[in-house]
Every structure is written in C-alpha cells, then in structure tokens.
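User: Please take a close look at one part of this model, a helix and its ends. After that, place it in the rest of the structure.

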Amino acid sequence: MTTMTRPLTVPADWRDFLALTKPGVMRLVVFTGLCGLLAAPVAVDPVLGFTAILCIALAAGAAGALNQWYESDLDAKMKRTRGRPLPAGRMDRQSALHFGVGLGTFAVILMGLAINLLAAAILAASILFYVVIYTVWLKRRTPQNIVIGGAAGAFPPVIGWAAATDHVTALPLLMFALIFLWTPPHFWALAMFVKSDYANAGVPMLPVVAGERVTRAQIGLYTIPMVAVAVAPWPLGLTHAIYGIVAVAASAFFGLLAFRVASRRTQTNDRMRPEKQLFAYSIAYLFVIFGALVVDRFVA
Amino acid sequence: MPGPAPFEWEKHTAEENELIRRRQRSRARITALLLGALVILFFFISIEKIRSGTP
C-alpha cells in the first residue's frame, strides 16, 4: 500500500493568529482612531465609542493579516519578518486568508450596524487601500510605495471622528494629512538602517533604488509640510493654545532630528544613530500630537 | 493500469496528537471567550440603541 507523504498539519496556535494582526502597528492605529473619536465636538456613548474603536482595531488586524498572507514570500527573505507565522511555517496561507477576510468583513458590518454607514465605508476603504493599493499594487513596484500607501495608516482618526459625528470636517482631514506626510520620514528613517533587508527581498524602497543621498533629502522635504500641517489647526482656530504649544515644540524637535538625518552622510561602519533616533521619536511624536489634541479638547 | 493510490490519513505520533489536541482545546477556549464577549457587547449596543431611539 502506498503511504502519502504530506507536511504535518498541526493547527496554528491562537498566538499566531494574534501575531498575524500586527499588534505593534495596531497600537498606533487604535490610539489615533481613539483620539479622532475623542477630539470630535460631541459626547460619545462609551459603549458605542468602545465598539467603534474595536472595529478600527479589528479592521487593522484584518489588513495586517491579509498583508502577511500576500507577502509571506517577501517576509521569508527579510531578517525582520522571517519569524512571522507564515514564513516560519507555523500556519498555512489559507488560514491566514480566511482569518483576514472574516475579521475585516465582521469589523465593517459591525461598524455599519452599530455606529454609522459613513464610518463603515471609510473603514472598508482603509482595509482595501492597505491591502490592494499598497500591498498588492505599489509595494513591489515603486519606491513611492509608502508615500501613497501611507494614506492607509492615515484613515483611523477620520474613522474615529466619523463614528462620533457621522460627518467629516477640516480637523480630521488635517489629522489625515499629518499621518500621510509623517509616513515617508518615519519609514525612510527605518529603511535607512534595514536597507540590506529590503534589498535582499527585492522591495524597491527609496534608499535601495535611489540611494541614501536622495532619501535623506526626501526625509527633509517631507518634514516641512508635515510640521506645517501639525501646527495648522492652532492658527486656523480649530484647536486652542494647549495643542498649539505642544505641536510647535514636538514638531520643532522632529524637524531638528530630520534635519540632522538630511544633512549628514553615511560613514564607514556607521551605526545610523540619528536615523534610529528619528524613527523612534517619530512614533512618540504621533502619540504626543494626538494626545495633545484630546487634552486640548477637554481642558481648554 | 493501476488506479490511484487509496487515500490514507496522515499518521501522527502520540506527541503530535497531543499537540494537536492541546491546540484545538486552546483555540476552542479562546473562541468561546470571544463569542461570550460579543454576546455581552451586542446586548449593551442594543440597550444603547433602544435608549437613544436610533435605528
């Protein structure tokens, strides 16, 4: 009798499903979504507010899972990502696909039924944008991948605001623009010190394709409008002085770190400390700016 | 001409079987917890919708 040899089919652990949702990325998404919800000029019922944030978190998890499903071949080539459930062989691709589609569909339906259709529509658009426009279309084709793809990460505060008010005004659009313009300096700072990883995987990140000099210049160039957008709500009268002062101080420091990265050249055996500092600070920067927006709304 | 080989279920060792059972149990527990949490959430959403008179 012939014995069929097949790979061991052990069901994936629940922790692997959790890892598929990229919990680290989700933290920032949930925080900016929550700030969008809290900064809105209406009182939000706690249960509905919690549900809206849950939907944003689930949608972010779904987008992360579908991204890992599509990119498992790329992830296997990169040191930073080869320990993820799919490239490490702890989960089969079909499970990841089903999990991502199921989670995303559930999040959009729940948002539509419990909150409002506008928030559900933007939520669906954000998942599709991240998966189709960024992951499938742009990432492997152009060094502008994270510039346009950055819009996907910029949706959460708009969704939070739309969930609270059922419409979108200038302030959430400025929040969208802020994250959109923040993404290139943030990701290119990271790409500077994991350049070889991206090059090995064949991902056309800007430092790989255009070189470090161009990338440094682009980091500096994108920081200028980003700082302007971050500060803009104050002079436009959309926020008070609390937000304005924090935004000016935090953005000035961001500008300083970005200028340091933009104006230097890579040395032999360079440990890329300014780039690592810019990357680390850029994450804290978003938390500070969005936190200030909420404090300003409740205190001022 | 010989026909296709008869299908044979994958053979697992006792340790592998134990691992599979353990994974199934933990996933079932997590699923039950999540479903329970969703029931509670849907209850409170319904109460809020009724209270505020929104559809």
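Analyst: What follows begins with helix α3 of chain A and then moves outward to the rest of the model.

The model is predicted: local features are reported at pLDDT of at least 70 and side-chain atom pairs only at pLDDT 80 or more, whereas totals for chains, interfaces and linings use all residues. Residues are numbered from 1 along each chain as its sequence is written, chains are lettered from A and ligands numbered from 1 in the order in which they are written, and side-chain values use heavy atoms, with hydrogens and water left out.

Chain A has a mean pLDDT (the predictor's confidence in each residue, from 0 to 100) of 92, and 97% of its residues reach 70 or more. Residues 1-6 of chain A stay under 50, and the model gives them 11 contacts beyond four places in sequence; a contact is a pair of heavy atoms within 4.5 Å.

Helix α3(A) covers residues 46-70. Helices here are DSSP runs of H or I with at least four residues, as strands are runs of E with at least two, numbered from the N terminus. The 25 residues of α3(A) reach 36 Å from first C-alpha to last, close to the 36 Å expected at 1.5 Å a residue; the expected span is 1.5 Å times one less than the number of residues. The helix is mostly covered, with 19 of its 25 residues buried. Buried means under 20% relative accessible area, exposed over 50% and partly exposed in between, with a 1.4 Å probe and protein chains only.

At its N-terminal end, α3(A) is capped by Asp45(A), which has a side-chain oxygen 3.0 Å from the backbone nitrogen of Val47(A). Such a polar contact is a pair of N or O atoms within 3.5 Å; within protein, one must be able to donate a hydrogen and the other to accept it, and residues adjacent in sequence count only if both atoms are side-chain atoms.

Chain B meets this helix through α1(B). The buried residues of α1(B) pack against α3 of chain A, and also against α1 (14-20) and α5 (93-115) of that chain. They are Ile20(B), Ser26(B), Leu41(B), Ile45(B), Glu48(B) and Lys49(B). Helix α1(B), residues 14-52, has 39 residues that should span 57 Å at 1.5 Å a residue, and its end C-alpha atoms are indeed 57 Å apart. After α1(B) comes Gly53(B), with a positive phi near 75 degrees.

Two cysteines of chain A need a comment. Cys55(A) is buried at 0% relative accessible area, and Cys35(A) is buried at 3%. The sulfur of Cys55(A) has its closest cysteine sulfur in Cys35(A), 18 Å away, too far for a bond. A search of the whole structure finds 0 disulfides over all chains, a disulfide being a pair of cysteine sulfur atoms within 2.5 Å.

Cys35(A) also leads to the interior: it is one of the residues in contact with Phe290(A), along with Phe31(A), Thr32(A), Pro157(A), Met175(A), Leu178(A) and Ile179(A), neighbours within four places in sequence left aside. The largest nonpolar core has 89 residues, and those with the most contacts inside it are Met111(A), Leu178(A), Tyr285(A), Ile289(A) and Phe290(A). Apart from it lies another core, of 7 residues, including Phe17(A), Leu20(A), Leu86(A) and Ala96(A). A nonpolar core is a set of buried Ala, Val, Leu, Ile, Met, Phe, Trp, Tyr and Cys residues joined through side-chain atoms within 4.5 Å.

A few loops of chain A complete the picture. Thr142(A) sits between α6 (117-138) and α7 (145-165); it is buried at 19%, and a polar atom of its side chain is 2.9 Å from the backbone nitrogen of Gln144(A). Asp166(A), in the loop between α7 and α8 (170-193), has a positive phi near 65 degrees and is partly exposed at 46%. Pro233(A), between α11 (212-231) and α12 (241-263), is buried at 3%. Beyond four places in sequence, Pro233(A) touches Leu171(A), Leu174(A), Leu238(A), Thr239(A) and Tyr243(A). Met272(A), in the loop between α12 and α13, has a positive phi near 55 degrees and is buried at 6%.
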